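User: Could you give me a close look at one buried spot in this model, and then work outward from there to the rest of the chain? I'd enjoy one connected account rather than a list.

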Amino acid sequence: MSASAGLFVFSGCGEMLAEAHIDRLSDSDSQVRLKASYKLVDIGSAAIEPLLERTRGGSDSLHYIAAQIFGRIGDLRAVPFLLSHIKNSNPHIRKETVLALGMMNKPDLAGPIADLLRTESVDIVRGAAVESLANLQDTTVVPDLIRALSDSAAVVRRHALTGLHRRWTAAAEDPAIAALHDSDEQVRYIAAQLVGNRFIEKAAFDLRLALIDTSVWVRVEAANALS
């Protein structure tokens with residue numbers, strides 16, 4: 001048997017094996033569903049086509065689980081499915097879909113993810129969109145992350161700061177310093193860590209003010225940053 005024929009047989013076996021695990025994604029036992037998800041991720045690319053086929057017309061529950069699996073496998077064949085559900089009426093599906101898109105390592109997906117961030121009404125979905133933008137490994141998302149620092153939800157601002165730490169550019173310096181004065185304790189805490197880790201010298205005055213913050217954790221991080 002040639003190497004190419006052997007690969008074809010192996011792929012076919014993988015797809016048949018995937019079918020059995022896909023059946024278990026609809027099991028009433030959450031542990032069975034979880035184990036089936038792990039097995040499909042382990043199977044990898046061979047699971048993509050069978051899972052895409054089964055999700056057509058499937059339940060919300062299947063779409064939710066499938067989005068998680070597609071994200072962890074990271075196969076670009078799943079992108080059309082994910083984009084078709086980025087505005088699904090179910091916010092939990094939108095959240096998992098946008099997280100999965102960020103795992104595809106495809107920078108041109110930043111556009112639809114940023115669009116969702118601007119139009120989304122649910123805080124946790126906007127937070128997922130910010131996290132997803134940072135996962136794209138492209139500094140062109142920095143302006144979107146900076147804008148997210150003005151979001152009304154603290155969870156979104158937290159994700160934005162964490163994302164800026166990973167996709168850092170000089171444009172983030174002033175917004176990161178301003179975040180030291182955020183109304184949310186965790187945002188201020190992350191900001192103190194960020195400006196300290198990035199050695200932003202012009203943050204010294206704001207860090208000194210943070211030494212009298214109402215939060216002991218912010219005060220500790222401010223002291224660490226100054227030192």
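Analyst:
**The close look**

Setting aside sequence neighbours within four places, His21 makes contact with Ala36, Lys39, Leu40 and Ile43. Please keep in mind from here on that this is a predicted model. His21 itself belongs to helix α1, which covers residues 3–24. Is this histidine buried or exposed? Its relative accessibility is 12%, and because buried means under 20%, His21 counts as buried.

Just along the chain sits Leu25, and two of the names from the histidine's list come back here. Not counting residues up to four places away in sequence, Leu25 touches Ala36 and Leu40, along with Arg33, Ser37, Leu51, Leu62, Ile65 and Ile69. Leu25 also takes us into the interior, as one of the residues with the most contacts inside the largest nonpolar core. That core has 65 residues, and Phe70, Leu82, Ile113, Leu133, Leu161 and Val195 share this distinction with Leu25. The helix that gives the most to the core is α4, residues 60–73, with 7 residues. As general background, nonpolar side chains in soluble globular proteins tend to be buried together.

Ile113 from that group leads on to helix α7, residues 110–119. The buried residues of α7 are Ala110, Ile113, Ala114, Leu116 and Leu117. Why do they line one face of the helix? Viewed down the axis of α7, the buried residues fall within an arc of 155°, so they line one face. The general rule behind such patterns is that an α-helix has 3.6 residues a turn, so residues three or four places apart point the same way. Turned away from the buried side of α7 is a face that carries the exposed residues Arg118 and Thr119. The cover over the buried residues includes α6 (91–102), α8 (123–135) and α9 (142–148).

Leu117 makes a good stop within α7. It has a relative accessible area of 12% and is buried. Apart from neighbours within four places in sequence, Leu117 is in contact with Arg126, Ala129, Val130, Leu133, Asp144 and Ala148. Leu133, we saw, is among the residues with the most contacts in the largest core. To link back to the start, Ile43 is one of the contacts of His21, and the C-alpha atoms of Leu117 and Ile43 are separated by 32 Å, with their positions 74 residues apart along the chain.

The loops on either side of α7's neighbours hold two backbone details. Asn105, in the loop between α6 and α7, has a positive phi of about 50° although it is not a glycine. Gln137, in the loop between α8 and α9, likewise is not a glycine and has a positive phi, of about 60°. In general, most residues other than glycine have a negative phi. Gln137 is also exposed, with a relative accessible area of 55%.

A loop position can be buried too. Ala172 is in the loop between α10 (154–166) and α11 (173–178), and with a relative accessible area of 0% it is buried. Beyond its neighbours within four places in sequence, Ala172 is in contact with Ile146 and Leu164. Ala172 and Lys95 are 77 residues apart in sequence, and their C-alpha atoms are 26 Å apart in space.

Leu83 in helix α5, residues 79–84, offers a useful contrast to the buried leucine of α7. Its relative accessibility is 34%, so Leu83 counts as partly exposed. Not counting residues up to four places away in sequence, Leu83 touches Leu101, Leu109 and Pro112. From Leu83 to Ala171 there are 88 residues in sequence and 30 Å in space, C-alpha to C-alpha.

Now for the whole chain. It has 14 helices and 0 strands, and its C-alpha trace spans about 70 × 40 × 30 Å along its principal axes. Of the 227 residues, 46% are buried. Among contacts between residues at least 6 apart in sequence, 61% join residues at least 24 apart. The accessible surface comes to about 11500 Å², and 54% of this belongs to carbon and sulfur atoms. As for charge, there are 24 positive and 28 negative charges, and their mean positions are 1 Å apart.

How values were computed. Residues are numbered from 1 along each chain as its sequence is written. This is a predicted model: local features need pLDDT of at least 70, side-chain atom pairs count only at pLDDT 80 or more; totals for chains, interfaces and linings use all residues. Side-chain values use heavy atoms; hydrogens and water are left out. Helices (H or I, at least four residues) and strands (E, at least two) are DSSP runs, numbered from the N terminus. Buried means under 20% relative accessible area, exposed over 50%, partly exposed in between (1.4 Å probe, protein chains only). Contact means heavy atoms within 4.5 Å. Accessible areas come from the Shrake-Rupley method with a 1.4 Å probe; for residues, only the protein chains shown count as cover. Lys and Arg count as positive and Asp and Glu as negative; His and the chain ends are not counted. The place of a charge is taken as NZ of Lys, CZ of Arg, CG of Asp or CD of Glu. A nonpolar core is a set of buried Ala, Val, Leu, Ile, Met, Phe, Trp, Tyr and Cys residues joined through side-chain atoms within 4.5 Å. The arc is that of the directions from the helix axis to the C-beta atoms.
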